[in-house]
Amino acid sequence: METLTVCHESLPTIEDLKDDLSKLPQLDTDFQTDHYIINGMYIRKMTMPAGSLIVSKKHKSHHMFVCASGSLLFRDEKGSHVINGGDIFESFPNTCRLVYVLKESTCITIHRTDKTNLEDIEVELIEPDDMALYDFNNELVKKEIK
């Protein structure tokens, strides 16, 4: 297996990359995303193909993140780290991540909410982002690329 080494100090910030990445061709396939709402919990499961480069949306609330399978390289304000299948960690409000999918991965986020409608849940949990290229179901929003 090939080893990937990244010096996070030499990388631009995620916000710096966001505009440039939005100008590149986007995946022509939507990420498989499943939604579960039960007893005050919203669980979102997403499968991402290897080689995908993703800028996450900022969540408003503290929640749990599970990498159910695969392998991801994450970059956030704390640096770069690899997340593998079986790893669970806390995700804090207002955190934006750059994610490179090393191996096809299925990830799950678990949120506390009393909402039962996906549009209401998005408003409650996600910071508004005019630059977002994908909607709550991870379907590509058709935008003109400059």
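The following dialogue explains how to read several features of this predicted model.

Colleague: Which pattern of helices and strands does the protein chain follow along the sequence?

Modeller: A fold is first read as an ordered list of its elements. The protein chain has two helices and seven strands. Along the sequence their order is α-β-β-β-β-β-β-β-α.

Colleague: What share of the contacts in the protein chain joins residues 24 or more positions apart?

Modeller: Among contacts with a separation of 6 or more, 70% are between residues at least 24 positions apart. One pair of positions illustrates such a separation: leucine 98 and phenylalanine 74 are 24 residues apart along the chain, yet their C-alpha atoms are separated by 5.8 Å. Leucine 98 belongs to strand S7, which covers residues 98-112.

Colleague: Why does leucine 98 count as buried?

Modeller: Burial is judged from relative accessible area, with under 20% as the cut-off. Leucine 98 has 13% relative accessibility and therefore counts as buried. Of the 146 residues of the protein chain, 35% fall into the buried class.

Colleague: Which residues touch the most other members of the largest nonpolar core?

Modeller: The general idea is that in soluble globular proteins, nonpolar side chains tend to be buried together. In this model, the largest nonpolar core has 13 residues, and Met48, Phe65, Leu72 and Phe74 touch the most other members. Strands S2, S4 (63-76) and S7 each give two or more residues to this core. Strand S4 supplies the largest share, with four residues.

Colleague: Which residues are in contact with leucine 72, leaving aside its neighbours within four places in sequence?

Modeller: A contact list shows which parts of the chain meet at one residue. For leucine 72 the list comprises Met48, Phe65, Cys67, His81, Val82, Ile83, Val99, Tyr100, Val101, Leu102, Ser105 and Cys107.

Colleague: Which residues form a nonpolar patch on the surface?

Modeller: Nonpolar side chains may also be found at the surface. Here Leu53, Val82, Tyr100 and Leu102 form such a patch, with about 320 Å² of accessible area together. Leucine 102 lies in strand S7, and its relative accessible area of 33% makes this residue partly exposed. For the whole protein chain, about 9000 Å² is exposed, and carbon and sulfur atoms supply 53% of that area.

Colleague: Where does asparagine 39 lie, and is this residue buried or exposed?

Modeller: Asparagine 39 is placed in the loop between strand S1 (32-38) and strand S2 (41-48). Asparagine 39 counts as exposed because its relative accessibility is 72%. The backbone also deserves attention: phi of asparagine 39 is positive, near 45°, in a residue other than glycine. Asparagine 94, likewise not a glycine, has a positive phi of about 65°. Asparagine 94 lies in the loop between strand S6 (88-91) and S7, and is partly exposed at 48% relative accessible area.

Colleague: What does the side chain of arginine 112 make a polar contact with?

Modeller: A polar contact is read by naming both partners and the distance. The side chain of arginine 112 makes one with the side chain of aspartate 114, at 2.9 Å. A polar atom of the arginine 112 side chain also lies 3.4 Å from the backbone oxygen of glycine 40. Arginine 112 is in strand S7 and is exposed, with a relative accessible area of 55%. Beyond its neighbours within four places in sequence, arginine 112 is in contact with Gly40 and Leu125. Arginine 112 and methionine 41 are 71 residues apart in sequence, but 4.8 Å apart in space, C-alpha to C-alpha.

Methods:
Residues are numbered from 1 along each chain as its sequence is written. This is a predicted model: local features need pLDDT of at least 70, side-chain atom pairs count only at pLDDT 80 or more; totals for chains, interfaces and linings use all residues. Side-chain values use heavy atoms; hydrogens and water are left out. Buried means under 20% relative accessible area, exposed over 50%, partly exposed in between (1.4 Å probe, protein chains only). Patches are made of residues with over 30% relative accessible area and no salt bridge: like charges are joined within 9 Å, nonpolar side chains (Val, Leu, Ile, Met, Phe, Trp, Tyr) within 5 Å. Accessible areas come from the Shrake-Rupley method with a 1.4 Å probe; for residues, only the protein chains shown count as cover. A salt bridge is a side-chain nitrogen of Lys or Arg within 4 Å of a carboxyl oxygen of Asp or Glu. Contact means heavy atoms within 4.5 Å. A nonpolar core is a set of buried Ala, Val, Leu, Ile, Met, Phe, Trp, Tyr and Cys residues joined through side-chain atoms within 4.5 Å. A polar contact is a pair of N or O atoms within 3.5 Å; within protein, one must be able to donate a hydrogen and the other to accept it, and residues adjacent in sequence count only if both atoms are side-chain atoms.
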